[in-house]
Amino acid sequence: MARYHFHIEDGVCFSDQDGSELPDLKTASATAIKVLAEHLQHQPADLWKDDCLQVHVTDDTGLKLLTLTVTAMFAPALLGREDTARP
């Protein structure tokens with residue numbers, strides 16, 4: 001099994017130093033979705049910090065294997081309204 005690292009970036013990069021041993025890249029890509037969903041569940045406002053939240057999956061050498069990106073934006077007609085201010 002290979003070791004995969006799941007780094008979260010929401011304007012600040014949170015590096016996964018330990019990683020997880022997983023059987024293959026397909027499993028790692030499914031795990032990246034779970035990592036992103038769990039992060040959003042616990043810290044939903046992070047998505048609005050930079051309008052983007054990413055999980056970068058790397059191998060033990062630091063080689064980036066995939067990136068999962070979620071973006072959020074208000075419609076242009078709403079920009080500037082007080083209720084669309086970033087948390």
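These exercises work through the fold, core, salt bridge and surface of a predicted model.

**Exercise 1. Fold**

Work out which secondary structure elements the protein chain has, and in what order they run.

*Solution.*
- Step 1. Count the elements. The protein chain has one helix and five strands.
- Step 2. Read them from the N terminus. The order is β-β-β-α-β-β.
- Step 3. Place the helix. Helix 1 covers residues 25-42.

**Exercise 2. Overall dimensions**

Compare the radius of gyration of the protein chain with that of a compact globule of 87 residues.

*Solution.*
- Step 1. Take the reference. A compact globule of 87 residues would come near 12 Å.
- Step 2. Take the model. The protein chain has 15 Å.
- Step 3. Look at the box. Along the principal axes, the C-alpha atoms fill roughly 50 × 20 × 20 Å.
- Step 4. Add burial. Of the 87 residues, 30% count as buried.
- Step 5. Add the surface. The accessible area is about 5,800 Å², and carbon and sulfur atoms account for 56% of it.

**Exercise 3. Core**

Find the residues with the most contacts inside the largest nonpolar core, and the elements that supply it.

*Solution.*
- Step 1. Size the core. It has 13 residues.
- Step 2. Pick out those with the most contacts inside it. They are Y4, F6, A28, A32, V55 and V57.
- Step 3. Assign elements. Strand 1 (2-9), helix 1 and strand 4 (52-58) each supply at least two core residues.
- Step 4. Zoom in on F6. Leaving aside residues up to four places away in sequence, its partners include A28, A32, V55 and V57. F14, L22 and V35 are also among them. So are D16, S20, T31 and H56.
- Step 5. Step back to the whole chain. Among contacts between residues at least 6 apart in sequence, 46% join residues at least 24 apart.

**Exercise 4. Salt bridge**

Identify the partners of R3 in a salt bridge and explain what the pair ties together.

*Solution.*
- Step 1. Count. There is one salt bridge.
- Step 2. Name the pair. R3 bridges to E21, with the closest N and O atoms 3.1 Å apart.
- Step 3. Locate both ends. R3 lies in strand 1 and E21 in strand 3 (residues 20-22), so the pair ties together parts that are 18 residues apart in sequence.
- Step 4. Check exposure. R3 is partly exposed, at 28% relative accessible area. E21 is partly exposed too, at 46%.

**Exercise 5. Surface patch**

Which residues make the nonpolar surface patch?

*Solution.*
- Step 1. List the members. L25, L63 and L65 make a patch of about 240 Å².
- Step 2. Place L25. This residue lies in helix 1.
- Step 3. Test L25 for the patch. Members need over 30% relative accessible area. L25 has 38% and is partly exposed.

Key: Residues numbered from 1 in each chain as written. Predicted model: local features only at pLDDT ≥ 70, side-chain atom pairs only at ≥ 80, totals over all residues. Heavy atoms only, no water. Patch = residues over 30% accessible without salt bridge, like charges linked within 9 Å, V, L, I, M, F, W, Y side chains within 5 Å. Areas by Shrake-Rupley, 256 points an atom, 1.4 Å probe, with all protein chains shown as cover. Salt bridge = Lys/Arg side-chain N within 4 Å of Asp/Glu carboxyl O. Helix = DSSP H or I, 4+ residues; strand = E, 2+ residues; numbered from the N terminus. Buried < 20%, exposed > 50% of the residue type's maximum accessible area, 1.4 Å probe, protein only. Rg over C-alpha atoms; globule rule 2.2 N^0.38 Å. Contact = heavy atoms within 4.5 Å. Core = buried A, V, L, I, M, F, W, Y, C linked by side-chain atoms within 4.5 Å.
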